[in-house]
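Please open the structure in your viewer and keep the selection tool at hand. The tour below goes from one selection to the next and says what is found at each stop.

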Amino acid sequence: MTPLALLAAVGVWALGAAIAFRSALLSGFEVVFGNNGDGRLIVYLHEHLYEALRGHAEFLSPSFFYPQKEILGYTDAFVLDTLPYAALRSLGIDPFLALQLVAIALSFCCFASVTIIGRRYLRLHPALAICAGLLITFPNNLMFKTANAHPNFFALYYVPIIVLLALWAVEDFPRPTRWSQLRAACCGLLYGLLFSTSFYVAWLFAITLVIAIGALIVLLPRQCLGFVRGHIAALGRLCLPALLGLIIGLVPVWLIYQPVLRATAGRSFRDYLGFAPFPKDLPNVGDQNLLWGWLIDGVGLPSVGDHMLSVTPGMTLITLLLLYWANKNRESSDRPWPVVYGLVCATVWALSWLLTFRIGTFSPFWLLFHSVPGAAAIRVGGRIQLLTNLWVVTGLAVLLQHAWPAAWSQRAGARLAVTSLIMAFCLLEQVNLRDGSLPRRSEMERLAAVPPPPARCEAFLVDARDDQGYGVREFDAMWISIRFGLPTINGNSGWSPPGWQLADPDIDYDDAARRWIEQTHLTKHVCRYQRDARAWSDFEPQLQTPSSMPPALQPTADAARDAK
């Protein structure tokens, strides 16, 4: 790309980022992506890793659900985020702002990677490569998912970087150099570490990759077999370092998650069905989508949870129509590579829906759940649409660049105008009006107002009140814990330890805390923090043994005991 094109690309990314992160920017970062539930948990876990890096915390044992050890694997571990987050924290930036800035920086890396892939490997026009970068970096479903609940899915931004490394590694194929092997090893390492950063993103990307490879084999069986037979040695020289890097990258995954596998049996398939999308969710992009929100709301499609992650319907339909047109108008019986790639991308889109949707109590995901390693950890299969978007966008770009001109070669001006309109429409279709809702400064001020605990306190819990919604009490305790370095028996994560019932509404909160203390043989002095009064007090660790004497006779018995 020319210097002018590079400058234009940076400017376009900045504009896209300003629109996508507008709620944070316009509020002066008073509000950041996430919410006061999972959003606070995700920032907390990043802060825990920062403290562990400084030697102030145990890596595998965040200080909640105390005294349970090795609980980092109860949710995503964010390993790849640790260094950039720690660098920002070391500059004095607070935890909530640091994570928001990490997301913005990663968005630039993702955009740059997609643009390079488009120009260098897909041979796209610079403008088309830049548009593809925007469509992959700031899609509707990712902005919806991260703004108000789960900024952990910004880990999606690592995927184009991994793909770029893989393509860079095969540049010298079939005569790979040592540099090629090093790039392959780095690609495998980064992908392995992605599993301990965001298991959903890494695992679901693998599923889309398997679908794509399977589709390619079905479309070109002879060519694929001939390629492997003819280049077995060269493939081995690249695959072995990639595999070695992957194995090294998976070491943290084993260290983090094998304690959880020992303690739990994984999720049940019923858990999966509770979150599975229905066929009617095929066009569901949420009621906050700029173009389609009014229609989604009007027809009554679900507007809560993870049902609103569909790849935008207009872009999908245009891609499928272009693919049909290009396939129909090809001049020979052999499919050119743009058509083959378009068919692969369409297959990924179709099978990602077919494998994850549910009808009644049936879902094809049952096959994966019971046969594929790691599938039992997936509760929300519909999140695969976050990865499917990458395939739909690149399929659209390849078809627009290579297949459509061949079918409409005599009218270049009209083709350029229509292509521009198509990309403008697809970009507009990605705008989601949902804003971040995590009040950064308010959270920091509320935490700063907590007085230090008494010296006698060795662990604590907070008061039973939870009038702001499920989990808020637990997250309050976790943040107080990390501020003072004092472990808490409260906690909230994707899992909870066996026997921990403090969040069970059917069990008295204090009784649940006492049972947990007894079950874990906790001998530390436990305090209670009263959030409304901002006061610390001792917590009675012993369960009250109910009297077998009738209540009416209890005063008489007490008086007789006192008389002795």
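A residue is called buried when its relative accessible area is under 20%, and exposed when that area is over 50%. The model on your screen is a predicted one, and the tour begins with a pair of residues to which the first of these words applies.

Select aspartate 510 and arginine 528, which are both buried and which form a salt bridge whose closest N and O atoms are 2.9 Å apart. Aspartate 510 belongs to helix H22 (residues 509-519) and arginine 528 to strand E4, so the pair links parts of the chain that are 18 residues apart. Salt bridges that share partners also join Arg40, Glu443, Arg446, Asp463, Arg465, Asp476 and Arg531 into one network, and these residues can be selected together as a side trip.

Return now to strand E4, where four of the five residues are buried. On one side, E4 pairs with E3 in the parallel sense over four bridges, and phenylalanine 460 stands opposite cysteine 527 of E4. E4 also pairs with strand E5 (residues 535-538), here in the antiparallel sense and again over four bridges, with serine 537 of E5 as the bridge partner of arginine 528. If you follow the chain through the hairpin of E4 and E5, which has four residues between the strands, you come to arginine 534, which takes a positive phi near 55 degrees.

Next, select cysteine 457 together with cysteine 527: which bond do their sulfur atoms, 1.9 Å apart, form? The two cysteines form a disulfide, and a search of the whole structure finds one such bond. Cysteine 457 lies in the loop between helix H20 (440-448) and strand E3 (459-462), while cysteine 527 lies in strand E4, so the disulfide ties together parts that are 70 residues apart in sequence. The torsion about the S-S bond is about -90 degrees, and the disulfide is therefore left-handed. Both ends are covered, for cysteine 457 is buried with a relative accessible area of 8% and cysteine 527 is buried with 0%.

For contrast, select cysteine 187, whose sulfur is 8.9 Å from the closest cysteine sulfur, that of cysteine 186, which is too far for a bond. Cysteine 426 is in no disulfide either, since the nearest cysteine sulfur, in cysteine 131, is 9.2 Å away. Cysteine 187 counts as buried at 14% relative accessibility, and cysteine 426 counts as buried at 0%.

Two further salt bridges deserve a stop, out of a count that comes to 21. Arginine 89 forms one with glutamate 47, their closest N and O atoms being 2.8 Å apart; because arginine 89 lies in helix H4 (residues 82-90) and glutamate 47 in helix H3 (residues 38-53), the pair ties together parts that are 42 residues apart in sequence. The side chains of aspartate 306 and lysine 145 meet in another, at 2.4 Å from N to O, and this pair links the loop between helix H14 (293-298) and helix H15 (313-328) with helix H7 (residues 140-147), 161 residues apart.

Finish at the surface by selecting leucine 244 in helix H12 (residues 232-263). Is leucine 244 buried or exposed? Leucine 244 counts as exposed because its relative accessibility is 52%, and together with Leu189 and Ile248 it makes a nonpolar surface patch of about 260 Å².

Technical notes:
Residues numbered from 1 in each chain as written. Predicted model: local features only at pLDDT ≥ 70, side-chain atom pairs only at ≥ 80, totals over all residues. Heavy atoms only, no water. Patch = residues over 30% accessible without salt bridge, like charges linked within 9 Å, V, L, I, M, F, W, Y side chains within 5 Å. Areas by Shrake-Rupley, 256 points an atom, 1.4 Å probe, with all protein chains shown as cover. Salt bridge = Lys/Arg side-chain N within 4 Å of Asp/Glu carboxyl O. Helix = DSSP H or I, 4+ residues; strand = E, 2+ residues; numbered from the N terminus. Buried < 20%, exposed > 50% of the residue type's maximum accessible area, 1.4 Å probe, protein only. Disulfide = S-S within 2.5 Å. Pairing = 2+ DSSP bridges.
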